[in-house]
Amino acid sequence: SYVVNAAGLFVDQVTQMIGDDEIQVYPVRGQHLVMDRRLGNLVTHMIGGIPTPHGNLLIGETFEYDAADKERDHYTTAEARVTLFQNAQRVIPALDRSLIIRQFAGLRSWNQYDDHLVQVSKKSSHLISLSLISGGITASPAVARRVAELLDDNGLVLRPKQDFDPYREPIPCFNDMTDAEKAEMIKQD
């Protein structure tokens, strides 16, 4: 009986289904470069590049507000590749252009407020919509608490899950496994 609308780029379309046009979402394209693993230990903090869990160096990102199509404007450009690399090289002079192994782009949602948005629809107190801009992953614990508060404020009876276990086993890294461990994982799933 309650809906938490976390549809990303399509949050506005979901709210419009009940006649609520309060949120306007538009796509912003972000491009990144992935550098060869030989550069992975070159940076240990997020300055001009981000070390990845797989040992690569991630460079980026762009903020391109000209993306118009929420489903198709995730292409990469040569211009962004040059700009990203030159900007990163100012901070990390040892970067070598020949070690770029991949370039990718994705779309993130942005809203008319240029800020995170967590709100109850004016059309229905049973619809809570989230429009998170960049930094949404960092904000997600606070957003989850706010959503729970709004659900509670609007009549949903919240009960703690008695068998909730906040701990879980780490996800094994397939690349770091021995051949025998990989074979066992493949056999399991």
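# Notebook: pocket, cores and a few residues

**Entry 1, the pocket.** I began with the largest pocket, and I find it lined by Arg-108, Ile-133, Ser-134, Gly-135, Gly-136, Ile-137 and Thr-138. A reminder to myself: this is a predicted model. The volume of the largest pocket comes out at about 170 Å³. I then asked which element gives the most to the lining of the largest pocket. That is helix H3, residues 136-153, with three residues. By character, I sorted the lining into four polar residues, two nonpolar and one charged.

**Entry 2, the main core.** Next I looked up the largest nonpolar core, and I noted 12 residues in it: Leu-33, Met-35, Leu-39, Leu-57, Ile-59, Leu-84, Phe-85, Ala-88, Ile-92, Leu-95, Leu-99 and Ile-100. At least two residues of this core come from each of strand S2 (25-35), strand S4 (57-60) and helix H2 (78-91). H2 gives the most to this core, with three residues. I picked out Phe-85 for a check of its surroundings. Not counting residues up to four places away in sequence, Phe-85 touches Leu-33, Met-35, Leu-95, Asp-96, Arg-97 and Ile-100. Another core, of eight residues, lies apart from the largest one, and I jotted down Tyr-2, Ile-128, Leu-130 and Leu-151 as among its members.

**Entry 3, Val-34.** Back to strand S2, where I found Val-34. Is Val-34 buried or exposed? I count Val-34 as buried because its relative accessible area is 15%, and the cut-off for buried is under 20%. Beyond residues up to four places away in sequence, Val-34 touches Asn-56, Leu-57, Leu-58, Leu-99, Ile-100, Ile-101, Arg-102 and Phe-104. I also took one distance here: Val-34 and Gln-13 are 21 residues apart in sequence, and their C-alpha atoms are 33 Å apart in space.

**Entry 4, Gln-103.** I moved on to strand S5 (residues 100-111), which holds Gln-103. Gln-103 has a relative accessible area of 14%, so I log Gln-103 as buried. What does the side chain of Gln-103 meet in the way of polar partners? One partner is the side chain of Arg-81, joined to that of Gln-103 by a polar contact of 2.7 Å. I also see the backbone oxygen of Thr-77 at 2.9 Å from a polar atom of the Gln-103 side chain. With its neighbours within four places in sequence left aside, I list Gln-103 in contact with Gln-31, His-32, Leu-33, Thr-76, Thr-77, Ala-80 and Arg-81.

**Entry 5, Asp-114.** Where does Asp-114 sit? I place Asp-114 in the loop between S5 and strand S6 (117-120). Its backbone caught my eye: Asp-114 is not a glycine, although it has a positive phi of about 50°. I call Asp-114 partly exposed because its relative accessibility is 47%.

**Entry 6, Cys-173.** My last stop was the loop between H3 and helix H4 (179-188), where I found Cys-173. With a relative accessible area of 29%, Cys-173 is partly exposed. For a distance, I paired Cys-173 with Ala-88: the two are 85 residues apart in sequence and 28 Å apart in space, C-alpha to C-alpha. Ala-88 was already on my page as a member of the largest nonpolar core.

How values were computed. Residues numbered from 1 in each chain as written. Predicted model: local features only at pLDDT ≥ 70, side-chain atom pairs only at ≥ 80, totals over all residues. Heavy atoms only, no water. Buried < 20%, exposed > 50% of the residue type's maximum accessible area, 1.4 Å probe, protein only. Polar contact = N/O pair within 3.5 Å; in protein donor to acceptor, adjacent residues only side chain to side chain. Contact = heavy atoms within 4.5 Å. 1 Å grid on protein atoms, 1.4 Å probe; cavity = no way out; pocket = protein on both sides within 12 Å on 5 of 7 lines; lining within 4 Å. Points joined across faces, edges and corners; volume = space filled by probe spheres on them. Nonpolar A, V, L, I, M, F, W, Y, C, P; charged D, E, K, R; others polar. Core = buried A, V, L, I, M, F, W, Y, C linked by side-chain atoms within 4.5 Å.
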